[in-house]
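Here's a quick tour of a protein fold for anyone just starting out. Keep the picture open as you read.

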Amino acid sequence: MGSLDTIINMIEVTRDYIIVILSIFIPDTRDCEYDQGEKPLTAEQIRKFAEEYLDWKIVDLEHEFLYNGQVIGTLLESHITTRPQIVKFIDGTPREYPTGTWFVTLKITDPDVIQGIKDGHYTGGSATTIERKDAEKLRKLLHSHVPASTKSQIKRIKISDIKDPVVITISIVHSPCVPLAKFCSLKNNNKKVSTMTKELTFRRGNI
């Protein structure tokens with residue numbers, strides 16, 4: 001079993017941005033909508049979501065991109081774990097993540113969100129998932145420079161209720177629907193960061 005208990009939560013903090021690492025989807029894990037009929041995701045479903053998200057790379061706040069079109073940061077890295085990993089949250093609590101967990105590294109540039117992360121108001125992340133045909137409609141809207149208010153016509157529902165789901169944004173949120181989708185505890189140590197990057201299975205962006 002691997003250990004990522006030193007992976008960086010806040011790799012670098014400046015006046016302009018903050019970089020965070022967090023999990024998004026965890027195989028066979030119940031989320032906040034389980035009692036309403038949501039089904040745990042398989043490792044294969046998660047891999048597909050992660051791969052197709054690279055066509056979007058949108059980072060927003062509280063799933064609001066569909067309503068206001070605002071972006072708060074960028075995707076730097078996306079990867080799927082290839083073995084079980086033990087990771088610590090900000091409070092130092094260790095948690096085990098199974099093989100197939102989707103982790104991302106995000107560069108957050110919105111000043112208010114940066115402060116909210118530092119203050120502990122925003123604690124993790126969550127994926128915005130919509131039907132593929134609606135995602136294509138949204139893509140056309142984005143390319144056509146349609147007012148952001150028009151984007152709110154595309155609604156977000158439970159993944160299990162979506163015929164052909166696609167992840168289009170990763171949101172920084174106050175309370176993640178997936179319990180373990182929280183910011184990890186980190187130390188600014190380049191050597192130990194490289195241990196994590198060896199797990200990368202998808203292309204990475206630039207800081």
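Before anything else, one term: a contact means heavy atoms within 4.5 Å. With that in hand, take a look at this predicted model. Of the contacts in the protein chain with a separation of 6 or more, 80% come from residues 24 or more positions apart.

**The overall layout**

- The protein chain has five helices and nine strands.
- Reading from the N terminus, the elements go β-β-α-β-α-β-β-β-β-α-β-α-β-α.
- The chain has 207 residues, and 48% of them count as buried.
- About 10,300 Å² of the protein chain is exposed, with carbon and sulfur atoms supplying 46% of that area.

**The sheet**

- Strands of a sheet pair up through backbone hydrogen bonds, and they can do so parallel or antiparallel.
- Here, six strands make an open sheet, in the order E2-E7-E4-E3-E9-E8, and the pairing is mixed.
- Why do strands E2 (18-25) and E8 (124-131) each have one side without a neighbour in the sheet? They stand at the edges and each has a single partner strand, so that side is left without a neighbour.
- From one strand to the next, the twist averages 40°.
- E2 and strand E7 (residues 102-108) run antiparallel, and seven bridges join them.
- If you want to find one of these pairings yourself, try Ile-19: its bridge partner in E7 is Lys-107.

**A helix against the sheet**

- Helix H1 (residues 43-53) packs on the sheet.
- H1 touches E2, strand E3 (58-61), strand E4 (73-80), E7, E8 and strand E9 (165-173).
- The direction of H1 makes about 80° with that of E9.

**The nonpolar core**

- The largest nonpolar core has 48 residues.
- Which residues have the most contacts inside this core? They are Phe-25, Trp-102, Leu-106, Ile-108, Ile-117 and Ile-172.
- E2 gives the most to this core, with six residues.

**A closer look at Tyr-17**

- Where does Tyr-17 sit? You'll find Tyr-17 in the loop between strand E1 (2-3) and E2.
- Is Tyr-17 buried or exposed? Its relative accessible area is 15%, and buried means under 20%, so Tyr-17 counts as buried.
- Tyr-17 and Gly-73 are 56 residues apart along the chain, yet 8.5 Å separates their C-alpha atoms.

Conventions:
Residues numbered from 1 in each chain as written. Predicted model: local features only at pLDDT ≥ 70, side-chain atom pairs only at ≥ 80, totals over all residues. Heavy atoms only, no water. Pairing = 2+ DSSP bridges. Helix = DSSP H or I, 4+ residues; strand = E, 2+ residues; numbered from the N terminus. Axes fitted to C-alpha atoms, helices over the stretch in contact; angles between N-to-C directions. Buried < 20%, exposed > 50% of the residue type's maximum accessible area, 1.4 Å probe, protein only. Areas by Shrake-Rupley, 256 points an atom, 1.4 Å probe, with all protein chains shown as cover. Core = buried A, V, L, I, M, F, W, Y, C linked by side-chain atoms within 4.5 Å.
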